[in-house]
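Trainee: Take me through this one slowly, please. I'd like a close look at the backbone first, and then at whatever else you think is worth my time.

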Amino acid sequence: MYKIIGKKKLTSDIDRFEVEAPLVARKAAAGQFVVIRVCEEGERIPLTIADFDPDRGLISLVSMIAGKTTSKLSRLEPGDSLTDVVGPLGKPSEIENFGNVVCVGGGVGIAPVMPIARALKQAGNYVVSIIGARNSQGLILEKKMEEVSNRLFICTDDGSKGFGGFVSEFLDKFLKEESLSVDRVVAIGPAPMMAAVSEVTRPYGIKTIVSLNSIMVDGTGMCGACRVEVGDETKFVCVDGPEFDGHQVNFKLLFARQKMYCTEEQKAHKDYQHECGCKSHG
Ligand SMILES: Cc1cc2nc3c(=O)[nH]c(=O)nc-3n(C[C@H](O)[C@H](O)[C@H](O)COP(=O)(O)OP(=O)(O)OC[C@H]3O[C@@H](n4cnc5c(N)ncnc54)[C@H](O)[C@@H]3O)c2cc1C
């Protein structure tokens, strides 16, 4: 069992957990993820390691409520435990001194971008970060992102804070108006956001790394559920990724595969909400 030591509500539907997982914390690197089970009968879900402290044996996970399992997770409190935490899985982010790097985080994607931006800055890069959410209440980890970046820009879809519009639109403006020559872009967030960012950087030929959130089951390269097409080759996100060259990813296929179990997922979530409602009334 993996004990939850701390919990912080970042927004109404995003929580940050600190979990005791010493072996994972010792080996973790920016860009990697774990597969967790909330309870014995539960499904296994992948979550990025949002931070890690090898000395205290702790990892941080940031989870947005998407369906049944993430709803169950959001109900856990410090003192409760996760049944399984398997990892670290996936390949670590490529960290080198590339020069000028732009890190783009959208929604819950800001959480995995944070340790990558920190590692890139530590490696000597000049780090510009652009983070965005639907509105100011949805913005997470603003202060941490400020600490790990040389410059930070905020975007909100509704204009309630910072630039009014998508992070990809801000990046487009930034690349057109700023004299800074950008050597690399790292973008993490919803798949349509990562696709849009990749299209913005394509004409400039700026290498753009995205972290793909495909449907994933075992996380070890055995089941093939997370397969994606990258540069006409089939890759498994769990072992070959999760990071890939955004200009090579077949995003159309990724969107289609992400929707495969939508009906079943919606039903499971609805049934769970009904079950919880009945319990709290009963
Ligand atoms: C490598 C990786 C890292 C991730 N890191 C994070 C993270 O740090 N924080 C976070 O909030 N989310 C993260 N996700 C997405 C997270 O795994 C899903 O939101 C979660 O599995 C949803 O489970 P659910 O039962 O609550 O919802 P479901 O009802 O199962 O699904 C709701 C929606 O979530 C997506 N989804 C469902 N199952 C998976 C799955 N196994 N893998 C990926 N997407 C899925 C689908 O688009 C689906 O429509 C990550 C996904 C991957 C692949």
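Mentor: Pro88 belongs to strand S7, which runs over residues 84-89. Keep in mind that we're looking at a predicted model. What catches my eye at Pro88 is the bond leading into it: the peptide link from Gly87 to Pro88 is cis, with omega near 0 degrees. There's a second case further along, where the bond from Gly241 to Pro242 is cis too, with omega near 15 degrees. Pro242 isn't in a strand run, though; you'll find it in the loop between helix H7 (237-240) and S16.

While we're on torsions, check phi as well. Leu141 has a positive phi of about 55 degrees, although it is not a glycine. Its place is the loop between S9 and helix H4 (142-148). Asp232 does something similar, with phi near 65 degrees, again a positive value in a residue other than glycine. That one is in the loop between strand S14 (227-230) and strand S15 (233-236). Buried or exposed, then: which is Leu141? At 13% relative accessibility, Leu141 falls under the 20% limit, so it counts as buried. Asp232 comes out at 74%, and since that is over 50%, it counts as exposed.

Two of the elements I just mentioned, S16 and S9, turn up again in the sheet. Seven strands make an open sheet in the order S11-S10-S9-S8-S12-S13-S16, and the pairing is mixed. At the edges you have strand S11 (163-164) and strand S16 (243-245), each pairing on one side only. In general, strands of a sheet pair through backbone hydrogen bonds, in a parallel or an antiparallel sense. Here, strand S8 (residues 100-106) and strand S9 (residues 126-133) go for the parallel sense, over seven bridges. If you want to find the register by eye, look for Gly105, which stands opposite Ile131 in S9.

Now hop over to helix H6, residues 191-201, where Ser198 has its place. Ser198 is at 0% relative accessibility, so it counts as buried. What does Ser198 touch, once you leave aside its neighbours within four places in sequence? The contacts are Thr208, Val210, Gly246, His247 and Phe251.

Last stop, the ligand. There are 22 residues around it, and the closest are Glu43, Pro46, Val62, Met64 and Thr70. Sorted by class, that shell holds eleven nonpolar, eight polar and three charged residues. Strand S4 (44-53), strand S5 (58-64) and helix H2 (68-74) each put in at least two residues, and S4 has the largest share, with four.

For the polar contacts, begin with Thr48: an N or O atom in its side chain is 2.9 Å from a nitrogen atom of the ligand. The oxygen side of the ligand meets backbone atoms. One oxygen of the ligand is 2.8 Å from a polar backbone atom of Met64, and a backbone N or O atom of Gly67 lies 2.9 Å from an oxygen of the ligand. As for how much of the ligand gets covered, the protein takes 86% of the 850 Å² of accessible area that the ligand has on its own.

Definitions and conventions:
Residues are numbered from 1 along each chain as its sequence is written. This is a predicted model: local features need pLDDT of at least 70, side-chain atom pairs count only at pLDDT 80 or more; totals for chains, interfaces and linings use all residues. Side-chain values use heavy atoms; hydrogens and water are left out. A residue is near a molecule or strand if one of its heavy atoms lies within 4 Å of it. A polar contact is a pair of N or O atoms within 3.5 Å; within protein, one must be able to donate a hydrogen and the other to accept it, and residues adjacent in sequence count only if both atoms are side-chain atoms. Accessible areas come from the Shrake-Rupley method with a 1.4 Å probe; for residues, only the protein chains shown count as cover. Ala, Val, Leu, Ile, Met, Phe, Trp, Tyr, Cys and Pro count as nonpolar, Asp, Glu, Lys and Arg as charged, and the others, Gly among them, as polar. Buried means under 20% relative accessible area, exposed over 50%, partly exposed in between (1.4 Å probe, protein chains only). Contact means heavy atoms within 4.5 Å. Two strands pair if DSSP finds at least two bridges between them.
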